[in-house]
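The following exercises ask you to read a protein model step by step, from single turns to the whole chain. Try each task with the structure in view before you turn to its solution.

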Amino acid sequence: MTAQARIWLNGQLVDPERATVSVFDHGMLVGDGIFETVKATNGVPFALTRHLRRLARSAAGLGLPEPDHDVLAQGTLEVLAAAPKWPLARIRITYTSGPGPLGSARGAEGPTVSIIVGPQDPFPPTADVTVVPWPRNERGALSGLKTTSYAENALALAYAKERGGGEAIFANTAGNLCEGTGSNIFVVLGGRLVTPPLSSGCLAGVTRALTLEWFGGEEEDLALDDLYRADEAFLTSTTRDVQPIRAVDGTVLPAAPGPVTAKAVEAFAARSAELMDP
């Protein structure tokens with residue numbers, strides 16, 4: 001992190017060396033928190049309103065106090081104004097339950113909130129993905145919430161990278177296709193563009209939703225095997241936008257990008273250039 005990138009912490013803009021959080025914070029002790037990653041292009045955040053709305057939904061799902069939308073929006077703009085105007089940047093908004101006892105019970109001091117920004121390297125033009133052996137629990141308490149309990153994702157991504165993959169893909173406990181560690185997935189089967197429904201346990205991705213709105217596609221349960229036999233497939237996420245999948249577990253798909261994916265990439269790029277807060 002460059003020293004010029006100041007950090008917003010609990011309402012104040014501070015230098016990185018002064019941005020300290022208690023070792024008793026439950027975001028550190030037990031992963032009791034939520035977060036959002038927001039893309040910024042030349043200092044302007046993309047889809048900030050949608051991300052802050054999802055942060056509020058995650059807070060409600062964890063039983064945390066509702067984040068102040070306006071305060072966090074202003075804090076994000078302050079952080080960006082104090083940072084270099086990187087062509088592409090990643091903003092991280094983290095909201096935890098705050099300091100607490102050495103156990104799972106929450107404390108009474110209130111939430112800890114931070115906003116950090118740093119440069120983001122563009123993703124490769126295509127992705128190789130690896131299916132991991134551990135399922136997402138679509139019936140779990142954290143299903144569909146963007147929490148800081150990310151150890152499962154860290155382990156899965158390390159597993160994928162050890163096998164040459166740039167992203168890890170999960171099935172759910174029903175054996176259906178679910179999501180990546182930080183992405184949603186779309187497949188093309190017989191000319192139909194399909195993505196797993198939210199009931200599969202996948203995160204309600206902002207880029208996923210915009211792709212469905214701007215380009216189209218159907219939501220339905222997909223067997224994990226559908227990924228291997230897809231005509232084409234792609235990932236969506238805040239920092240990668242629409243990224244074609246080249247190979248699954250080393251098996252190269254027929255096209256990357258295929259014709260449907262290429263049109264989705266073009267449509268998303270065009271609309272997101274017109275609307276920075278859709």
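**Exercise 1. The turn between β14 and β15**

In the hairpin of β14 and β15, which residue takes a positive phi?

*Solution.* Before we begin, note that this is a predicted model, in which local features need pLDDT of at least 70 and side-chain atom pairs count only at pLDDT 80 or more, whereas totals for chains, interfaces and linings use all residues. Residues are numbered from 1 along each chain as its sequence is written, and side-chain values use heavy atoms, with hydrogens and water left out.

Step 1: locate the strands, remembering that helices (H or I, at least four residues) and strands (E, at least two) are DSSP runs, numbered from the N terminus. Strand β14 covers residues 241-248, and β15 covers residues 251-252.

Step 2: look at the pairing, where two strands count as paired if DSSP finds at least two bridges between them. β14 and β15 run antiparallel and are joined by two bridges, and Val248 stands opposite Thr251 in β15.

Step 3: go into the turn, which has two residues between the strands, and there you find that Asp249 takes a positive phi near 50°.

**Exercise 2. The other partners of β14**

Find the other strands that pair with β14, and say in which sense each of them runs.

*Solution.* Step 1: recall that strands of a sheet pair through backbone hydrogen bonds, either parallel or antiparallel.

Step 2: take β13 (residues 232-237), which runs antiparallel to β14 and is joined to it by four bridges. Leu235 of this strand has Gln243 in β14 as its bridge partner, and a hairpin with three residues leads from β13 to β14.

Step 3: take β7 (residues 127-131), which pairs with β14 in the parallel sense over three bridges; here Asp128 is found opposite Ala247 in β14.

Step 4: ask how well β14 is covered, where buried means under 20% relative accessible area, exposed over 50%, and partly exposed in between (1.4 Å probe, protein chains only). Six of the eight residues of β14 are buried, so that the strand is mostly covered.

**Exercise 3. The open sheet around β3**

What is the order of the strands in the open sheet of six strands?

*Solution.* Step 1: write down the order, which is β2-β1-β6-β5-β3-β4, with antiparallel pairing. The edges are formed by β2 (12-14) and β4 (44-45), each of which pairs on one side only.

Step 2: follow β3 (residues 33-41) to its neighbours. With β5 the strand β3 pairs over nine bridges, and with β4 over two bridges, again in the antiparallel sense.

Step 3: pick out Ala40, which has a bridge partner in each neighbour, namely Ala89 in β5 and Pro45 in β4. Thr41 is bridged to Val44 in β4.

Step 4: inspect the hairpin of β3 and β4, which has two residues between the strands and in whose turn Asn42 has a positive phi of about 50°.

**Exercise 4. Three residues and their cover**

Decide for Thr37, Ala83 and Pro65 whether each is buried, exposed or partly exposed.

*Solution.* Step 1: Thr37 lies in strand β3, where eight of the nine residues are buried, and Thr37 itself counts as buried because its relative accessibility is 11%. Its contacts (heavy atoms within 4.5 Å), leaving aside residues up to four places away in sequence, include His51, Arg90 and Thr238.

Step 2: Ala83 is placed in the loop between α3 (69-82) and β5 (88-96), and it counts as buried because its relative accessibility is 8%.

Step 3: Pro65 sits in the loop between α2 (48-62) and α3, and it counts as partly exposed because its relative accessibility is 47%. Beyond residues up to four places away in sequence, Pro65 touches Ala59, Tyr95 and Pro111.

**Exercise 5. The whole chain**

How many helices and strands does the protein have?

*Solution.* Step 1: the protein has seven helices and 15 strands.

Step 2: the radius of gyration, taken over C-alpha atoms, is 19 Å, close to the 19 Å that the globule rule (2.2 Å times the number of residues to the power 0.38) gives for 278 residues, so the protein is as compact as a globular protein of that length.

Step 3: of these 278 residues, 49% count as buried.
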